[in-house]
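I sat down with this one to look up its open space first and a couple of helices afterwards. Here are my notes.

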Amino acid sequence: MQQIQRKYIIWSKGRIIAVLILLILFKVIVQVFLYQDGFISVSADEFARGIRAAQWAQNPTVDIINDVNDIWLPFEKYLNGSLLLIWHDVILAPRQTVFVASCLLSIVLFFLIHELFGDYLIATISSVFLIVQPWYAWLGGTPMLEMYYLFFFFLGVYLFVLWVKRDRKGFWFLAGLCMMASTGFHVQSWVYVNLFNLITV
């Protein structure tokens with residue numbers, strides 16, 4: 001009986017990994033078609049932040065207290081600026097980080113939906129709908145701030161749900177760290193994080 005359960009667990013994990021790989025490949029295909037269709041940007045903000053990250057890469061310093069007084073919050077500058085230290089392409093480097101963030105977001109949402117509904121099929125269908133959603137496709141291919149903060153925010157939500165449903169010790173603290181990270185990317189996250197502050201209180 002234990003061998004059967006062990007085989008089922010291994011098969012289940014294998015199936016989940018296969019589904020996630022297919023979802024990421026599907027996302028890559030959608031992104032390639034989007035670029036081939038001429039998509040390059042959503043607004044001028046991303047280019048301004050790219051220049052800001054490149055300037056930071058020339059003299060990297062972490063000064064969060066002063067950096068929060070900037071037009072944009074600093075975590076995106078630190079992230080893309082760090083990559084620009086290695087890869088000196090102010091156009092493509094930020095697009096790689098946002099693409100990775102959007103892929104991670106789709107994976108987190110897959111597991112969050114499964115945790116909420118208890119069905120991998122529902123999680124898979126929901127993830128497919130997310131990938132073809134224009135807003136997600138656009139922002140996953142251009143370095144706007146949404147993908148960065150949404151990944152950390154929903155990772156925090158997922159850990160929060162695990163803490164509530166399964167009483168996983170320490171997950172509440174990890175959820176808080178993730179949500180705190182999201183607040184360093186975009187001011188909009190502050191509203192959502194404060195909702196969870198009220199829930200936990």
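I looked up the largest pocket first, and about 190 Å³ of space lies in it. On a 1 Å grid over the protein atoms alone, a pocket is an open set of points with protein on both sides within 12 Å along at least five of seven lines, and lining residues have an atom within 4 Å of a point. The volume is the space filled by probe spheres set on the points, which are joined across faces, edges and corners.

This is a predicted model, in which local features need pLDDT of at least 70 and side-chain atom pairs pLDDT 80 or more, while totals for chains, interfaces and linings use all residues. Residues are numbered from 1 along each chain, and side-chain values use heavy atoms, without hydrogens and water.

Next I checked who lines the largest pocket: Phe-160, Trp-172 and Met-179 are among them. Helix H9 (171-182) gives the largest share, six residues, and helix H10 (188-200) also supplies at least two. I noted eight nonpolar, three polar and no charged residues in the lining; Gly counts as polar here, and Asp, Glu, Lys and Arg as charged.

Then I turned to helix H2 (residues 45-58; helices are DSSP runs of H or I, at least four residues). Its buried residues (under 20% relative accessible area) include Arg-49, Ala-53 and Trp-56. The buried residues of H2 fall within an arc of 165° seen down its axis, so they line one face; the arc is taken from directions from the axis to the C-beta atoms. Gln-55 and Gln-58 are exposed (over 50%) on the face turned away.

Terms used:
Buried means under 20% relative accessible area, exposed over 50%, partly exposed in between (1.4 Å probe, protein chains only). On a 1 Å grid over the protein atoms alone, a cavity is a set of points where a 1.4 Å probe fits but cannot get out, and a pocket is an open set with protein on both sides within 12 Å along at least five of seven lines; lining residues have an atom within 4 Å of a point.
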